[in-house]
Amino acid sequence: MTPYFATLTLPGVILRPWHANDAESFVQAAHESTATVGRWMDWCTLDFTHQHALNWFVECRDKAARFQAYESGIFSAINGSLLGGAALNHIDHDNRLCNLGYWVRQSAQRQGIALRTAQALIAHAFTALNMQRIEIVVAEGNIASEALARQAGAKWECLARNRLQLHGAAVPAHVFSVVPW
């Protein structure tokens, strides 16, 4: 198994590639989380469907097969329930850098899940994927994600203008980075 299809186990949480049978749980998580996750991620709406989830899973597998992303679901190690999603994506092998992204469903927020996930993916990026820089890009105003980036050891570099598209508009975003030295 390549690092792009790896399962990572950490305290209380398992990160693994998406499976088709995760679709209904994904839809439920999206619908539950429109007020929190949906504020910062366009896909997280009440219109999100089973087919949207399946399409996303195919895209994740395709990107992994091309070594462009490691996308995973975050699952409870206790009962297997879906807690969220996380990724190392926008992988640039020439420059050995990638982006780290994460989301946690509303009912599982503020339990340390995102921090443990970010820390595990940072370690995975540096060891298994041989990256030398990880960026965390956070839309301006997403205070929880900014705090998590700092807790995970990322350093703030700048507020980049028009860095992200959010709900049909260009928005500024904070750029954080983690390097292995």
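The expected span of a helix is 1.5 Å times one less than its number of residues. In this predicted model, helix α4 covers residues 113–127 and holds 15 residues, so at 1.5 Å a residue a span of 21 Å is expected. The C-alpha atoms at the two ends of α4 are 21 Å apart, which agrees with that expectation.

Several positions of α4 are shielded from solvent. The buried residues of the helix are Ile113, Ala114, Thr117, Ala118, Leu121, Ile122, His124, Ala125 and Phe126. An α-helix has 3.6 residues a turn, so residues three or four places apart point the same way. One of the buried positions in α4 is Ile122. Ile122 has a relative accessibility of 8% and therefore counts as buried, the cut-off for burial being under 20%. Apart from neighbours within four places in sequence, Ile122 is in contact with Leu100, Ile134, Ala152 and Val178. Between Ile122 and Glu135 the separation along the chain is 13 residues, and their C-alpha atoms are 10.0 Å apart.

The loops on either side of α4 were examined next. Ala108 belongs to the loop that runs between β5 (97–104) and α4. With a relative accessible area of 4%, Ala108 is buried. Its contacts, not counting residues up to four places away in sequence, are Leu83 and Ile113, and Ile113 is itself among the buried residues of α4. Ala108 also lies 9.3 Å from Leu82, C-alpha to C-alpha, although 26 residues separate the two in sequence. On the other side, the loop between α4 and β6 (133–139) contains Asn130. Asn130 has a phi near 60°, a positive value in a residue other than glycine. The relative accessible area of Asn130 is 44%, so this residue is partly exposed.

A positive phi also occurs in the loop between β4 (82–92) and β5, where Arg96 is located. The phi of Arg96 is near 55°, and the residue is not a glycine. Arg96 counts as partly exposed because its relative accessibility is 31%. Asp94 is found in the loop between β4 and β5 as well. At 75% relative accessibility, Asp94 counts as exposed, as the cut-off for that class is over 50%. The C-alpha atom of Asp94 is separated by 36 Å from that of Thr49, a residue 45 places away along the chain.

Two further buried residues make polar contacts. Asp22 is placed in the loop between β2 (13–16) and α1 (23–32). Its relative accessible area is 6%, so Asp22 is buried. The side chain of Asp22 makes a polar contact with the side chain of Arg16 at 2.9 Å. Beyond residues up to four places away in sequence, Asp22 touches Arg16, Pro17, Phe57 and Phe75. The other residue, Ser76, is part of strand β3 (residues 70–76). Ser76 has a relative accessibility of 11% and so counts as buried. A polar atom of the Ser76 side chain lies 3.2 Å from the backbone nitrogen of Asn79. With residues up to four places away in sequence set aside, Ser76 touches Gly12, Ser81 and Leu83. Leu83 is also touched by Ala108.

The interior was then searched for enclosed space. Rolling a probe the size of a water molecule over the atoms shows where empty space is left. The count comes to one cavity of 30 Å³ or more. About 70 Å³ of space lies in the largest cavity. Its lining is made up of Tyr4, Phe5, Pro17, Trp18, Phe57, Cys60, Arg61, Ala64 and Glu71. Helix α3 (residues 50–65) gives the most to this lining, with four residues. By residue class, the lining divides into seven nonpolar, no polar and two charged residues. Two of the lining residues, Pro17 and Phe57, are also among the residues that Asp22 touches.

Definitions and conventions
Residues numbered from 1 in each chain as written. Predicted model: local features only at pLDDT ≥ 70, side-chain atom pairs only at ≥ 80, totals over all residues. Heavy atoms only, no water. 1 Å grid on protein atoms, 1.4 Å probe; cavity = no way out; pocket = protein on both sides within 12 Å on 5 of 7 lines; lining within 4 Å. Points joined across faces, edges and corners; volume = space filled by probe spheres on them. Nonpolar A, V, L, I, M, F, W, Y, C, P; charged D, E, K, R; others polar. Buried < 20%, exposed > 50% of the residue type's maximum accessible area, 1.4 Å probe, protein only. Polar contact = N/O pair within 3.5 Å; in protein donor to acceptor, adjacent residues only side chain to side chain. Contact = heavy atoms within 4.5 Å.
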